[in-house]
Structure formats: structure tokens, C-alpha cells
Amino acid sequence: MIKILLFSLFIYFGLKISGPLIKLFRFQQTIKKKDDRANFHKKLSKMDIQDAEFEEN
């Protein structure tokens, strides 16, 4: 009986702790994704892209 109670408490506290950890992990992923996008746009703006012109003969 005591083993079931301790196991239940362990599961309960494990779920209580995992909630904020999952939110923190998702928040870090969001920050990383925004940073990657900003880095990509910064690199893209530094590129000297010229428009290609084609002439038909």
C-alpha cells in the first residue's frame, strides 16, 4: 500500500515539475527560431543580388 502511495506521489510531482520545463524548452525553441530568421534576413540583406535580364532574339 505504501509503495503505491509513494509511486503515485512520485508521478504527481514528476508531472508538476515537467510542465514548467516543457514550457521553458518551447520558449527557448521560439527564441532560437526567431534568432535564426533574423540571422538569415541579415545575411540576405548583405548579399548583392542583381536582377537577371534576358533578351529575346
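**Exercises on a single-helix model**

H1 is hardly covered: zero of its 45 residues are buried (under 20% relative accessible area; exposed is over 50%, partly exposed in between, with a 1.4 Å probe and protein chains only). This is a predicted model, in which local features need pLDDT of at least 70 and side-chain atom pairs count only at pLDDT 80 or more, while totals for chains, interfaces and linings use all residues. Residues are numbered from 1 along each chain as its sequence is written, and side-chain values use heavy atoms, without hydrogens and water.

**Exercise 1.** Compare the span of H1 with its expected value.

*Solution.*
- The protein has one helix and zero strands, taken as DSSP runs numbered from the N terminus (helices H or I, at least four residues; strands E, at least two).
- The expected span is 1.5 Å times one less than the number of residues.
- For the 45 residues of H1 this gives 66 Å, and the end C-alpha atoms are 66 Å apart, so the two agree.

**Exercise 2.** Classify the aromatic pair found in the whole structure.

*Solution.*
- The search finds one such pair.
- Tyr12 and Phe13 form this pair, with 5.4 Å centre to centre and 65° between the planes, which is edge-to-face.
- Ring centres of Phe, Tyr and Trp (its six-membered ring) must lie within 6.5 Å; planes under 30 degrees apart are stacked, over 60 edge-to-face, the rest tilted.

**Exercise 3.** Is Ile17 buried or exposed?

*Solution.*
- Ile17 lies in helix H1, residues 2–46.
- Its relative accessibility is 54%, so Ile17 counts as exposed.
- Tyr12, by contrast, is partly exposed because its value is 45%.
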